[in-house]
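Trainee: Before we look at this model together, could you show me how to read its features one by one?

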Amino acid sequence: MKKRVVVTGLGAVTPIGNSVEEFWSGVKESKVGIGEITKFDTTEYKVKLAAEVKDFSAKEYMDFKAAKRMELFSQYAVAAALEAYEDSGLI
């Protein structure tokens, strides 16, 4: 039996855009998401560049208590999943 996957909606939280629309515009404009690391002190590291998500606000996607209990990468996943759910038209 073959299994099938159906993509019903899209969501994105990336270094070049925090929504599918922003991400796609960034791709079309050849926007670069790589820049100097700002999330922690890089003094002790050779590498100073990374592709960090910029201008992300968890409170736009979830309540404060939920966001506080999650690591940042989990907040990104929840935000992208919520956008995909809304994009799917299932709500």
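## Reading the model, feature by feature

Mentor: Let us begin with a single residue and its neighbours: leaving aside residues up to four places away in sequence, Gly11 touches Val20, Ala80, Glu83 and Ala84. Please keep in mind throughout that this is a predicted model.

Trainee: Where along the chain is Gly11 found, and how far is it from Trp24 in space?

Mentor: Gly11 lies in the segment before H1, and its C-alpha is 11 Å from that of Trp24, with the two positions 13 residues apart in sequence numbering. Accessibility is read separately from contacts, and at 33% relative accessibility Gly11 counts as partly exposed, because that class covers values between 20% and 50%.

Trainee: Is Thr14 buried or exposed?

Mentor: Thr14 is buried, because its relative accessible area is 16% and the cut-off for burial is under 20%. Thr14 is also found in the segment before helix H1 (20-28), and, not counting residues up to four places away in sequence, Thr14 touches Phe23 and Val53.

Trainee: Which elements does the protein chain have, and in what order do they run?

Mentor: The protein chain has 3 helices and 2 strands, and from the N terminus on they follow the order α-β-β-α-α.

Trainee: How should I read the overall dimensions of the protein chain?

Mentor: The radius of gyration is best set beside a reference value: for a compact globule of 91 residues one would expect a value near 12 Å, whereas the protein chain has 16 Å. Along the principal axes, the C-alpha atoms fill a box of roughly 50 × 35 × 30 Å. As for contacts, among those in the protein chain with a separation of 6 or more, 39% are between residues 24 or more positions apart.

Trainee: What share of the residues is buried, and which residues make up the largest nonpolar core?

Mentor: The general idea is that nonpolar side chains tend to be buried together in soluble globular proteins. In this protein chain, buried residues make up 29% of the 91 residues, and the largest nonpolar core consists of 10 residues, namely Val13, Val53, Phe56, Ala58, Met62, Ala66, Ala67, Tyr76, Ala79 and Ala80. Helix H2 (64-68) and helix H3 (72-88) are the elements that give two or more residues to this core, and H3 gives the most, with 3 residues. One of the core residues, Ala80, touches Gly11, Ala12 and Val13 when residues up to four places away in sequence are not counted.

Trainee: What can be read from the surface and the charges of the protein chain?

Mentor: The protein chain exposes about 7,400 Å², of which carbon and sulfur atoms supply 57%. For the charges, one compares mean positions, and those of the 13 positive and 14 negative charges are 8 Å apart.

Trainee: Which residues other than glycine have a positive phi, and where are they found?

Mentor: Two cases can be examined here, including Ser30, whose phi is near 60 degrees and whose place is in the loop between H1 and strand S1 (35-36). Ser30 is exposed, with a relative accessible area of 58%. For Asp55, phi is near 55 degrees, again a positive value in a residue other than glycine. Asp55 is found in the loop between strand S2 (49-50) and H2, and at 79% relative accessibility Asp55 counts as exposed, because exposed means over 50%.

Key: Residues are numbered from 1 along each chain as its sequence is written. This is a predicted model: local features need pLDDT of at least 70, side-chain atom pairs count only at pLDDT 80 or more; totals for chains, interfaces and linings use all residues. Side-chain values use heavy atoms; hydrogens and water are left out. Helices (H or I, at least four residues) and strands (E, at least two) are DSSP runs, numbered from the N terminus. The radius of gyration is taken over C-alpha atoms; the globule rule is 2.2 Å times the number of residues to the power 0.38. Buried means under 20% relative accessible area, exposed over 50%, partly exposed in between (1.4 Å probe, protein chains only). Contact means heavy atoms within 4.5 Å. Accessible areas come from the Shrake-Rupley method with a 1.4 Å probe; for residues, only the protein chains shown count as cover. Lys and Arg count as positive and Asp and Glu as negative; His and the chain ends are not counted. The place of a charge is taken as NZ of Lys, CZ of Arg, CG of Asp or CD of Glu. A nonpolar core is a set of buried Ala, Val, Leu, Ile, Met, Phe, Trp, Tyr and Cys residues joined through side-chain atoms within 4.5 Å.
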